[in-house]
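Visitor: I'm new to this. Could you walk me through how the labels on a structure get decided?
Guide: Sure, let's take a look together.

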Amino acid sequence: MEIIGRVAATEKFPATMDKFYFWTDADFRLNAFDVVKVAHISGSHTFGTVENIFHITDAKSPLAAYISSDFGDTTLDAPTIRVGMNCVEVAVSFNTKNIYTPVKNDSPVTLANAAEIEQALGLDKIQNKLPCGYLRMYEGHASEIILPVNLDAQFILGSEGAHLNISGISGLAAKTSYAMFLMKSVQEHFADCAFIIFNVKGKDLMALHKPNDEDSAQTYGALGLSGEPFKNVRYYAPRADNGAATYLPPADAEAYLEGGLLKKFAYTYADDKESLEMLFADIDDTTQTMDSIIGKIIDTNDYDFGGISTWADFLGKVNELSLKGNAKEISVLSWRKFKRIINKAIKNDAMFVDRYIAQERECRLEEELKQICAGSVSVIDIAKLATDKQAFVFGDVLKTIYRLKLGEYDTTPPSRIILFVDELNKFAGKDTAKNSPILRQLLDVAERGRSLGIILFGAEQFRSAIHPRVTGNCSTLAFGRTNVLETTTKDYSALPSTYKNILTRLEQGEYLIQNPIFRSLLKVRFPKPAYKQFKD
């Protein structure tokens, strides 16, 4: 490779064990995240990633430039020629002989070839390859290199690490598309995984089994993927009076039902009363009064809940206890609060039934999910539900997955279950009530789900809004396009200022990826979804 510059170790810009600077021609094209190579001592080579580029001239200040233009004559064409060059700031990532003493002044700097880039970034050591995108190195230069990038699956699916968090502003960051791309990679490379996906917006994820109209087969092929849509997909939507509560067009919903792709899930009092606590996930119950009421309902010995088998009878009993003089150790005011919340959630809602009818494609989610098998994709559509009922369904599913993996059902679960939820801040935000049962479950998944084979893929607009124990336990972080206010929060304090600025102008299909196996942050790109996209 040709020499593109030489190390400049000066009093103002010293070379250190972690960083060095080099000069290069002002017209030479380099970009942030490009990898460069420096000859070092004992025949070794040091590699580094470009973090910033400065253009420097011999002018002492902007005033000198102003004076050299005949005191600000903008029509003059540089009457005083300035000596100028680019100064490149580089973060050290790797040395071929583990020699991390500072590189020497005037050492030659070159571009790296494809094999050297993989070595510098740690991509050559990956054993359990999971495609996560591709790199474009030296973009716009004659030596441009395109490289596929793989995650080490042990650091996202276990056993070395687990969980993925994706952040970025709505629309422009394509968070859902990237999560789906990674899950498609998992489905094709690791047959022992099952997927449970929550559709929380419109009908975005309600056609995963259908091919995309746009052909991206060539890009997928270069990454070792088929470019085909998801296989073994089943959809679940809440039961409604007129069918299923979904944003799918009625004709599509009917076709899904007739074809056995879609089922309508419902909740019965006899089977699902233990999940009532999920309806109180957003309620600040510091005195745990609501918890106490739910405990009394489940126990059935107190307050005569034992003989109740329908939601109507249950609501009637709650109404009775909310009347003055009918309550025991729990106050009437607490029962009235409970009544308001329960009535709002359950009354006149077709999802809460006395019994479900299997012949009409109705089901209980618990019964369906405890039968999931490796390679299956279960899409649970909660887009049309109010926030409290979204939390109810999400919490119920999370509880079912935990029971399944703990062996409480007479079935054999897949070795890993990947749970994907967008808008994670609804369930695990920093402002979520500390006593929230859903937050408790999510924290448990984040902290010990890896040992059970429960993997969380979460996405949200602002990473800074998520509970730190959730993001802190994610081994892989994906940063999409965001705004400058977000990058000023402490969640981004470890990023160089240039990288923060890049985050504000990333294009769709671009992500900064952090993973323990990578020696530095990577800027990767990924192809358009392989499944059908609904276009409004």
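Visitor: What makes Glu89 count as buried or exposed?
Guide: Keep in mind that this is a predicted model. Glu89 has a relative accessibility of 12%, and buried means under 20%, so Glu89 counts as buried.

Visitor: Why is the contact of Glu89 with Lys19 called a salt bridge?
Guide: The closest N and O atoms of the two are 2.8 Å apart. The cut-off is within 4 Å, for a Lys or Arg nitrogen and an Asp or Glu carboxyl oxygen, so the pair qualifies. Glu89 lies in strand E5 and Lys19 in strand E2, so this salt bridge ties together parts that are 70 residues apart in sequence.

Visitor: How do you know that Glu51 meets Lys19 in a salt bridge too?
Guide: Here the N to O distance is 3.5 Å, and the limit is 4 Å, so this pair passes as well. Glu51 sits in strand E4 and Lys19 in strand E2, so parts 32 residues apart in sequence are tied together.

Visitor: What do you call Lys19 itself: buried, exposed or partly exposed?
Guide: Its relative accessibility is 25%. Partly exposed falls between 20% and 50%, so Lys19 counts as partly exposed.

Visitor: And why is Lys370 called buried?
Guide: Lys370 has 17% relative accessibility, and the buried class is under 20%, so the label fits. Lys370 also meets Glu367 in a salt bridge, 3.3 Å from N to O. Both belong to one network of salt bridges with shared partners, including Arg364, Arg403 and Glu408.

Definitions and conventions: Residues numbered from 1 in each chain as written. Predicted model: local features only at pLDDT ≥ 70, side-chain atom pairs only at ≥ 80, totals over all residues. Heavy atoms only, no water. Salt bridge = Lys/Arg side-chain N within 4 Å of Asp/Glu carboxyl O. Helix = DSSP H or I, 4+ residues; strand = E, 2+ residues; numbered from the N terminus. Buried < 20%, exposed > 50% of the residue type's maximum accessible area, 1.4 Å probe, protein only.
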